[in-house]
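User: Could you take a close look at one part of this model for me, the small strand pairing early in the first chain, and then connect it to the rest? I'd be glad of a walk-through I can follow on screen.

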Amino acid sequence: MKDRIVGVLFLLALIAVPVFLLSVSAFSTVDLSAGNSPEKIEKSVAENFPASESLRRLQVSLRYLGGNQEQNGVFISGDTLMLDIQPSKDLKEANANMQAIKNFVRSFECPSYLMLIPTASVIQQDKVPHYAEIYDQKAFIDEAYRRLSGFVNAIDVYPTLFSHQDEYLYYRTDNTITGLGGYYVYTAASKKLGDWRVRGLEEFDVDHMDYNYYGDLYKRSPYREITPDRVSAYIFSKYRRYYIVTHYDTDGPRRYYTLYPGWKKQLGGTMDVLLGGMSPVIDISVTNSQQGSRLLLFGDRSVQSYLPFLLINYGRVTVVDTEKITAEQLKNISVKNYNQVLFAYSVDSFVLGNQLSALKDLPGA
Amino acid sequence: MHMFSLSFVYLFLPAMLLLCLLLPVRLRPVFLTAVSAAYYLLLERENLILLAGVILFDYGMALLMSRCRDFQRLRKAIMVCSVVKSIVLIAYYSVVNQLNGTHVPLGLGVYCLTSMGYMLECYRGSISCERSLMKYALFAGFFPKLYAGPLVSYSRLMPQIDSMRVTLKKIGQGASFFIRGLAKKVILGDTMLTLFQSLQAIPTYDTTVLTVWSMVVAMAFAAYFILSGLCDMAKGLGLMFGMELPDNFSNPYCSLSVNEFFGRFNITVNRFLRRHVYLNLGATQGSMISGIFNILLVTILMGLWFGVSVNLLLWGVYFTVFIILERYVLLKYIDFISPLFRWIYCLAVVLVSFAIFIGKTPSGSLEYLKIMFGFGNNVAAFDDRILYLLASNYLALLVSAICSGNLPGKLLAIIKKHAPKLGDVASIIFDVVILMLATAFLL
């Protein structure tokens, strides 16, 4: 009797699945005849399989429960996703970046600063799976600052971030720091960039723009049992300030009169609201600023978190996204128009990407 | 579209079963032969010609042999010709694969040895040759058994091919085997293989004692679950189409001696070699030297079943030492040794053998053996990397250990004994759950 029941159930499953698959229009278009390779058919079956999403989640959750806390290169720790850095042994990219900074400083001889922002995997080490070997970012940061001493002023944000490690410094689903993390970066940077009075967090209005944000790590990791992130805008409330934010990208310039153009959420995504997204060059002027200082910032997307705070002390900041910038766009940047130059990168982008080779195209380099 | 793919389980198999059920019994062998050929063509393309060539050649040779009943020398020449052809084919592809990584056609060893066994049986006169090419082709090339066996003798399979009765009960029994085999392969076997590959990727200078022990354990589990899973799937598919294939694995890691291990690991290959090589050479009937030689030859051939390489040859030699030791020395004392110690001894011998199995060269294996036992300069007992990999796979390792001892099966048997209905329900739920899990792991 038992065998017959198993037989019936098995036959039912074998009949139900193909019937379901053939009823799905996406699968019906896949020709099961000789025209399509077995791999293509297999992929199509997997994509259109009944309850495929639930089954995938089940598989990933089982693997996670089974101890597999690193899936698709992403660490899964309870409610947080994290990425470790795996640089090449010779640190080719990082060395090239450091050499480019040295060359830049020799060419322009302007006050320059270097700020390397550690990633979540090293600041929130307690969330990294036990025994996982993670890259020693602290040692790398110290070594980079040592090698560039005499060329740049080092802004060490590591101790500040580490002392606030229990706070919401990093997105759970995105490999970058939050607005709050950006605030702590600002507090550490303020002491070096100008010894300004550090504004208290209470001096900023906080606008929670999105409570359901899923970032790049969520897309990369198969694990789905993660609470979405909250993306917040920090607005300096003490004095009303007027900004002109001009983005220069391949489509030509576009301009906003706020640091947080909220309508961009509908067009692009939540991250496009912060400074209006990232472009090869973003020029931000504070029209009613008492500060005359001008900052040229070579960086990555982590600027979106701390720049709103730094802007309190500048009249103009030009952000150059060195991953996106072209030689043509660099020709329009004149270093001598700025009082300070800041190289600010998340450690992963500094170690893994050749960020600064483009600087040789700067006029006067 | 492998047997362990979604498209096979949920498209190819239902279509095949449905058509088979609709066909009259006499046409089913023809249908299954055509399906096997189509499946092989889909996976192996032009290698189908090789499979067809071997089948046609041995089919023709056997017919020729049956016509030369009175010419003993000619019969022998035909048999030798066929056997040499099979051996040369296996050896050629294995060597070429070793030298330049050329792909070995799927099931080459299985269909060549099946054909070889058939020819030897025909030569001895224990069976009469098959007249139907279609049935012979199905006997030699039935696609589910091409992955990892089992090797089936003509006298066992052919009567079943003649009366392929498909019943709901057999489909149920077959489904159970197929589902459990699929789960063994995709959930445990592949996970253990991935763990093994992660461990193998660690450079030798970073390898610790625990790393090598973990490697051999992972490889032992991977080999067992992948091979036995494929054999269970083959058995299950056979049952669904009305053919009962023999078991090829029977909880080998529960063995209490190396001799017993070989009786439980790759059973049909072991049986084939015993029948056609060992017994033909006189087994242990002659002098001790000839007995030892015969054991050595069979055990080496067992190793070479997995491919032709110096390491696999050494693997066979290594086991020979223990088989001879058990047969000629330990046999007298075996009753005085507790089963627990015998099991530990056998498991240790088998696990250490996998250090020879996994080494790419003899010196690589020697290096693993040295590290395994803590010899060499600055060999650490363990490090964070190995602890991380073990922690990342602890559940899979635990479940593999439990399943390699067939504990779920034993538990179900106990439940069935005391509460048959509850046992049946548990068994059905178990099958449904693992089909769902195996499907999830295939996505």
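Analyst: Strand 1 of chain A, residues 70-71, runs antiparallel to strand 2, residues 74-77, and 2 bridges join them. This is a predicted model, so please read everything here as computed from predicted coordinates. Within the pair, Gln71(A) stands opposite Val74(A) of strand 2. The two strands form a hairpin with 2 residues between them, and Asn72(A) in that turn has a positive phi of about 55 degrees.

Follow the chain onward and a second hairpin comes into view. Strand 2 of chain A is joined by 4 bridges to strand 3, residues 80-83, again in an antiparallel arrangement. Here Phe75(A) is the residue that stands opposite Met82(A) of strand 3. This hairpin too has 2 residues between its strands, and its turn holds Gly78(A), with a positive phi of about 60 degrees.

Put the two hairpins together and you have an open sheet of 3 strands in the order 1-2-3 of chain A, with antiparallel pairing. Strand 1 and strand 3 stand at the edges with a single partner strand each, so one side of each has no neighbour in the sheet.

While you have backbone angles in mind, two loop residues of chain A are worth a stop. Ala51(A) has a phi near 55 degrees, which is positive in a residue other than glycine. You will find Ala51(A) in the loop between helix 3 and helix 4 of chain A. Ala51(A) counts as partly exposed because it has 14 C-beta neighbours inside 10 Å. Tyr131(A) is not a glycine either, yet has a positive phi of about 70 degrees. Its loop lies between helix 6 (120-123) and helix 7 (137-147) of chain A. With 16 C-beta neighbours inside 10 Å, Tyr131(A) is also classed as partly exposed.

Chain A has another sheet to set beside the one you asked about. This open sheet has 8 strands in the order 5-4-13-11-12-10-8-9, and its pairing is mixed. Its edges are strand 5 (153-155) and strand 9 (252-256) of chain A, each of which pairs on one side only. On average, neighbouring strands of this sheet are turned by 20 degrees against each other, direction ignored. One pairing to inspect is strand 4 (residues 112-117) with strand 13 (residues 340-346) of chain A: the two run parallel and 6 bridges join them. In that pairing, Met115(A) stands opposite Ala344(A) of strand 13.

Now for the partner chain. Contacts between the chains involve 38 residues of chain A and 37 residues of chain B. On the chain A side, helix 1 (2-23), helix 3 (38-48) and helix 4 (52-65) are the elements that give two or more residues. The largest share of that side comes from helix 1 of chain A, with 15 residues.

Chain B itself has 19 helices and 0 strands. Its radius of gyration is 23 Å, close to the 22 Å that the globule rule gives for 443 residues, so chain B is as compact as a globular protein of that length. Along its principal axes, the C-alpha trace of chain B spans about 70 × 55 × 50 Å. Buried residues make up 45% of the 443 residues in chain B. Among chain B contacts between residues at least 6 apart in sequence, 73% join residues at least 24 apart.

Two helices of chain B make good places to finish. Helix 8 covers residues 168-200, and at 1.5 Å a residue its 33 residues should span 48 Å; the end C-alpha atoms are 45 Å apart, which agrees. Along the way, helix 8 of chain B has a kink of about 35 degrees, centred on Gly189(B). This helix is mostly covered, with 25 of its 33 residues buried.

The other is helix 6 of chain B, residues 133-141. Its buried residues include Tyr136(B), Leu138(B) and Phe139(B), along with Ala137(B), Ala140(B) and Gly141(B). Among what covers them are helix 2 (28-44), helix 3 (47-67), helix 5 (108-124) and helix 7 (154-162) of chain B.

Terms used: Residues are numbered from 1 along each chain as its sequence is written. Chains are lettered from A and ligands numbered from 1 in the order in which they are written. This is a predicted model: local features need pLDDT of at least 70, side-chain atom pairs count only at pLDDT 80 or more; totals for chains, interfaces and linings use all residues. Two strands pair if DSSP finds at least two bridges between them. Axes are lines fitted to C-alpha atoms, for helices over the stretch in contact, and angles run from 0 to 180 degrees between N-to-C directions. The radius of gyration is taken over C-alpha atoms; the globule rule is 2.2 Å times the number of residues to the power 0.38. A residue is buried if 20 or more other C-beta atoms lie within 10 Å of its own, exposed if 12 or fewer, and partly exposed in between; C-beta atoms are placed from the backbone. Two residues are in contact if their C-beta atoms, placed from the backbone, lie within 7 Å. The expected span of a helix is 1.5 Å times one less than its number of residues. The bend at a residue is the angle between axes fitted to the seven residues ending there and the seven starting there.
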